[in-house]
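Visitor: Could you take me through one part of this structure up close? I'd like to see how the strands sit against each other.

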Amino acid sequence: MTTWAPDEVDRTAANTLRFLAADMVQRANSGHPGMPMGMAPAAWTLFSRHRRHDPADATWADRDRFVLSAGHGAAVLYSPLHVFGYDLPMEQLQRFRQFGSTTPGHPEFGHTDGVETTTGHLGFGRLTGLWDDNHITIDGPVAQSSRDNQLARSAAAGWRTASVADGEEMAATKRAAGWNHPDFTVPAEVATRARELAHARAAAHRDWKDAFDQWPAAHPDDASTWHRTRSRQLPADLAESTGTHTGQAAVTRDDSTGATIHFGIREFEMAALMRQPVIYVLTHDSVALGQDGPTHQPVEHVEALRQIPGVTVLRPADDVETVAAGHTALANTDGPTVLVLTRHNVTSLGAASSTFITAPGSRVVRETAHPDVQILASGSSVAIALDAAERMASTGVCTQVVSVPWREKDVEFHEASARLTVSVEAGVTGGWAAFAGLRVGVDEFGASGKAADVLAHFGPTADAEATTITAALGEQKGK
């Protein structure tokens, strides 16, 4: 292991990052100065001596990713990005947290050169974490809510740990640190040191590129897969526990070369905000899950996901539609796609084009020439709607059933000539108000019990739907 002893320029550089951060917060009169000032020596050390990066190309594939999990400390990231020559000029530091700037209050992927992810980390095969143990939170002293021994906690999880007292001599003010420069100053010796270090890292990038350019000839299949993944033509990872295992090796703590990443539950908003082509597979789609109870019956989730800008929510009704949904998800490279599947058996509804979800987003699965009723349903609710239609047919009610896997895509399916348009989905119904005059669903949390009993209690059964719809038609006729 190589050792490194900081010199006077390094100490000045750490203070440069520290007080650039302080100046940003002070100028904006908004933000969090504590963490950026406390972690400035660590930030300088990482960027100057340890991190593999090239400021001239922030997207270099073999770079080390610097992930600022504590997004409120954004200034500690912006200051080294500026000093090392990323596309983040001083005027943007001076506009920290201002509308239209490239220095938002929390780092945003795709918005600022050199920012790897929006606020929270995504998890990597190899990861070095830095904990700023400054004994304070936004809610007050740490001790009032937690007395965890962070080193012991991390060690118990298998991390190698070390404690660095104070990071460096901590100065409470510029005067105490002997900092006599005007606001937003990068001393000449620091700028020179940063340029020299950036130049050395650019040379490493060139060496890597020379080797990379020769790699496809020796490994054409691997190179093809790499380029397809890089260009978003191939998904990089899928979860295994939901039954979507691809057969590819997984990334582990000891081997990061796999193609599948098991990363648990994530925030859909982050992928949407960063326009990432992530595919989420959800399998707990309704109260029909039964005995696991309301914690596993996401009556609100599908509708909530539909309200997130940039998220494509697909709820296929059978095997054929699931294949079509998969094609649609793979083709969506501008944002995340959510595949809402089910854990119980459904009936196959027959052949359909693999592109019908893309245009128009729905298909008629039960046709009739002059419908009295049009039922719009999605996912596992479609089969129940078809059963309800059969029951109503015995009483002379003509019903058309439309499977709507992508509700937001199809703006025409609700314009049928039927006397009554009804939505059927085993979840909250508010989002269907723009499409249906009568909405059948579950506007409360579920309960634990056998699937048939739970469905019967909450109403989304064929018998209950037929009864509700027939009554609504009767009310219309009586008006």
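Guide: Start at Leu314, which stands opposite Leu339 in strand β5. That pair belongs to the match between β4 (residues 312–314) and β5, a parallel pairing over 3 bridges. To get from β4 to β5, the chain goes through helix α10 (residues 319–331), and this β-α-β crossover is right-handed. Bear in mind that this is a predicted model.

Now look at β3 (residues 279–282), which also runs parallel to β5, joined to it by 4 bridges. There, Ile279 stands opposite Thr337 of β5. So β5 has bridges to β3 and to β4, and strands of a sheet pair through backbone hydrogen bonds, either parallel or antiparallel.

What about the side chains of β5 itself? In a regular strand the side chains alternate between the two faces of the sheet. Strand β5 covers residues 337–340, with Thr337 and Leu339 pointing one way and Val338 and Val340 the other. Buried or exposed, these four? All of them are buried, with under 20% relative accessible area as the cut-off.

If you want something to set beside this, go further along to the open sheet of 5 strands, ordered β6-β8-β7-β9-β10 with mixed pairing. Its edge strands, β6 (363–366) and β10 (438–440), each pair on one side only. From one strand to the next, the twist averages 25 degrees. Inside that order, β7 (residues 373–377) and β9 (residues 420–424) run parallel, joined by 5 bridges, and Ala377 has Val424 in β9 as its bridge partner.

Definitions and conventions:
Residues are numbered from 1 along each chain as its sequence is written. This is a predicted model: local features need pLDDT of at least 70, side-chain atom pairs count only at pLDDT 80 or more; totals for chains, interfaces and linings use all residues. Side-chain values use heavy atoms; hydrogens and water are left out. Buried means under 20% relative accessible area, exposed over 50%, partly exposed in between (1.4 Å probe, protein chains only). Helices (H or I, at least four residues) and strands (E, at least two) are DSSP runs, numbered from the N terminus. Two strands pair if DSSP finds at least two bridges between them. A crossover is right-handed if, with the strands pointing away from the viewer, the path from the first strand over the helix to the second runs clockwise. Axes are lines fitted to C-alpha atoms, for helices over the stretch in contact, and angles run from 0 to 180 degrees between N-to-C directions.
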